[in-house]
Amino acid sequence: MDDINKTHMVDSWNGLKELDWGFVFVFGATCFIQSIPVYRYTAPNTLFANGTVYPPNEGFCPCRESGIQNISSCKLNAPIFISQPHFLNADPVLLDMVDGLHPNKEDHDMFVDIHPTQD
């Protein structure tokens, strides 16, 4: 209440300071980016799955089709949803709504590369 920079920061949830679940990226492989070794972690297929497809995600959204997440409350209630590119891992009905989408893991998977360091 006393610092606008703390808006949307969560101090606790139902009295808990830490939760034993989360959207965890999965180790995929060791790669090289311009000869620099990196560990590649990919998003799980359940990242934006609704509670019908992946029960631990139940209650995180006013859910629609699996594979999209409503983030309207984060953006002043503008009608905004997020998904993986080309609706990768989403309900196939979403693909029928947009022409020209052809999701494939090689081109559309979300990942993060982390350079391991040694002390």
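Me: Which residues make the nonpolar surface patch of about 330 Å²?
Reply: Phe27, Tyr39, Val112 and Ile114 make that patch. Bear in mind that this is a predicted model.

Me: Why is Val112 called partly exposed?
Reply: Val112 has a relative accessible area of 36%. Buried means under 20% and exposed means over 50%, with partly exposed in between, so at 36% Val112 counts as partly exposed. Val112 is found in strand E5.

Me: What makes Val112 eligible for a patch, as far as accessible area goes?
Reply: Patch residues need over 30% relative accessible area, and Val112 has 36%, so Val112 clears that cut-off.

Me: How do you know that E1 and E2 pair, and in which sense?
Reply: Pairing takes at least two bridges. E1 and strand E2 (residues 36-42) have 7, so they count as paired, and the sense is antiparallel. Across that pairing, Phe27 stands opposite Tyr41 in E2.

Me: What makes E1 and E5 edge strands?
Reply: Strand E1 (26-33) and strand E5 (111-114) each pair on one side only. The open sheet has 3 strands in the order E1-E2-E5, and the twist averages 30° from one strand to the next.

Me: Is Phe23 buried, exposed or partly exposed, and why?
Reply: Phe23, in the segment before E1, has a relative accessible area of 37%. That value falls between 20% and 50%, so Phe23 is partly exposed.

Me: What is Phe23 in contact with, leaving aside its neighbours within four places in sequence?
Reply: Thr46, Leu47 and Asn57; contact here means heavy atoms within 4.5 Å.

Technical notes: Residues are numbered from 1 along each chain as its sequence is written. This is a predicted model: local features need pLDDT of at least 70, side-chain atom pairs count only at pLDDT 80 or more; totals for chains, interfaces and linings use all residues. Side-chain values use heavy atoms; hydrogens and water are left out. Helices (H or I, at least four residues) and strands (E, at least two) are DSSP runs, numbered from the N terminus. Axes are lines fitted to C-alpha atoms, for helices over the stretch in contact, and angles run from 0 to 180 degrees between N-to-C directions. Buried means under 20% relative accessible area, exposed over 50%, partly exposed in between (1.4 Å probe, protein chains only). Patches are made of residues with over 30% relative accessible area and no salt bridge: like charges are joined within 9 Å, nonpolar side chains (Val, Leu, Ile, Met, Phe, Trp, Tyr) within 5 Å. Accessible areas come from the Shrake-Rupley method with a 1.4 Å probe; for residues, only the protein chains shown count as cover. A salt bridge is a side-chain nitrogen of Lys or Arg within 4 Å of a carboxyl oxygen of Asp or Glu.
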